[in-house]
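Have the sequence and the 3D view ready side by side, and let us walk through them together. We will begin at the surface and then turn to charged pairs, a helix, a hairpin and the backbone.

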Amino acid sequence: MSDERRSLLAEKTPFPDDLDERLRDQLTFLVEVDQLKTILRQSPLAAADRRENDAEHSWHLAMMVVILAEHSDRPIDIGHTIQLVLLHDLVEIYAGDTPLYDSAAGAGQREREVAAADELFGLLTPDQARRMRSLWDEFEERRTPEAKFAKAMDRLQPLLLNWMARGGTWRTPGITADDVRARKAVIGEASSSLWRAGRRLIDVGESRGWSRSGVPRP
């Protein structure tokens with residue numbers, strides 16, 4: 001990352017000078033993360049002929065946590081898990097989206113995202129910056145039941161969208177159904193029942209020709 005300071009969205013229409021400093025930092029951050037709505041993902045929408053953006057993805061994960069929490073193999077705090085999924089992709093505002101099946105784009109992903117987390121969360125006052133960074137690290141490291149379930153939702157949601165698209169990113173050149181299973185297996189770390197359902201969708205999609213078979217089926 002360059003030493004030159006990034007221009008912030010809030011600087012386009014500066015806040016009044018007499019605002020409380022902490023509130024100014026919070027509002028600056030909230031304006032900055034509006035950019036999440038502009039970060040396009042590879043997954044197609046089920047309801048329209050276009051790709052989803054990161055903000056739509058994060059909202060959908062939050063809804064999935066509310067609806068599917070009962071399928072977690074371990075008890076989870078729903079509110080805490082929602083926090084994890086709402087902020088997990090914020091770093092892509094600066095780091096960009098890395099498609100799941102693009103190995104070349106994945107090179108250096110961790111370094112880019114850590115630098116983005118430092119910069120973005122650093123817009124907040126130190127206590128909130130630490131809190132946000134702690135939540136982001138928790139999601140990335142999957143060290144709690146909540147983080148495991150949040151990650152499971154992150155992998156299940158595009159699976160559902162690809163099912164609705166009758167393939168979607170499953171049709172990425174060079175990718176097979178076995179690759180999809182391998183990338184989605186993390187769902188099973190949080191929910192055996194959701195992973196059974198996910199595998200079933202992948203299997204049926206493969207049988208219908210929505211993804212390539214790595215090994216010809218009898």
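On the surface, Trp59, Met63, Val66, Ile67 and Ile78 make a nonpolar patch of about 480 Å². A patch here gathers residues with over 30% relative accessible area and no salt bridge, joining like charges within 9 Å and nonpolar side chains (Val, Leu, Ile, Met, Phe, Trp, Tyr) within 5 Å. The areas themselves come from the Shrake-Rupley method with a 1.4 Å probe, and for residues only the protein chains shown count as cover. What you are looking at is a predicted model, in which local features need pLDDT of at least 70 and side-chain atom pairs count only at pLDDT 80 or more, while totals for chains, interfaces and linings use all residues. Residues are numbered from 1 along each chain as its sequence is written, and side-chain values use heavy atoms, with hydrogens and water left out.

Helix 2 (residues 54-68) gives the patch its largest share, four residues. Helices (H or I, at least four residues) and strands (E, at least two) are DSSP runs, numbered from the N terminus. Isoleucine 67 has its place in helix 2. Is isoleucine 67 buried or exposed? With a relative accessible area of 53%, isoleucine 67 is exposed, since the cut-offs are under 20% for buried and over 50% for exposed, with partly exposed in between (1.4 Å probe, protein chains only).

Now for the charged pairs. A salt bridge is a side-chain nitrogen of Lys or Arg within 4 Å of a carboxyl oxygen of Asp or Glu, and by this rule the count comes to 16. One of them pairs aspartate 89 with arginine 41, with the closest N and O atoms 3.7 Å apart. This pair links distant parts of the chain, 48 residues apart: aspartate 89 sits in the loop between helix 3 (78-87) and helix 4 (92-95), and arginine 41 in strand 1 (residues 40-44). Aspartate 89 counts as buried because its relative accessibility is 6%, and arginine 41 is buried too, with a relative accessible area of 10%.

Another salt bridge stays within one helix. Aspartate 154 meets lysine 151, with the closest N and O atoms 3.9 Å apart. Both lie in helix 8 (residues 145-164), three residues apart, which is about one turn of the helix. Aspartate 154 and lysine 151 are both buried. Salt bridges that share partners also join Arg41, Glu52, Asp54 and Asp89 into one network.

Helix 7 (residues 126-141) holds a further pair, aspartate 137 and arginine 133, whose closest N and O atoms are 3.1 Å apart. Why are these two separated by about one helical turn? Because they are four residues apart in helix 7. In general, an α-helix has 3.6 residues a turn, so residues three or four places apart point the same way. Aspartate 137, at 17% relative accessibility, counts as buried.

Stay with helix 7 for a moment. Its 16 residues should span 22 Å at 1.5 Å a residue, and its end C-alpha atoms are indeed 22 Å apart; the expected span is 1.5 Å times one less than the number of residues. The buried residues of helix 7 are Ala129, Met132, Leu135, Trp136, Asp137, Glu138 and Phe139. They pack against helix 1 (21-32), helix 3, helix 6 (109-121) and helix 8, where contact means heavy atoms within 4.5 Å.

Strand 1 takes us to a hairpin, which joins it to strand 2 through six residues. Strand 1 and strand 2 (residues 51-53) pair in the antiparallel sense over two bridges; two strands pair if DSSP finds at least two bridges between them. Leucine 40 has asparagine 53 in strand 2 as its bridge partner.

Back in helix 8, look for glutamine 157. Glutamine 157 is buried, with a relative accessible area of 0%. Which residues does glutamine 157 touch, not counting those up to four places away in sequence? They are Arg41, Glu52, His57, His60, Leu61 and Met64.

Finally, turn to the backbone. Most residues other than glycine have a negative phi. Arginine 142, just after helix 7, takes a positive phi of about 50°; this residue is partly exposed, with a relative accessible area of 26%. Arginine 166 has a positive phi near 60°, and its place is in the loop between helix 8 and helix 9 (177-184). With a relative accessible area of 57%, arginine 166 is exposed.
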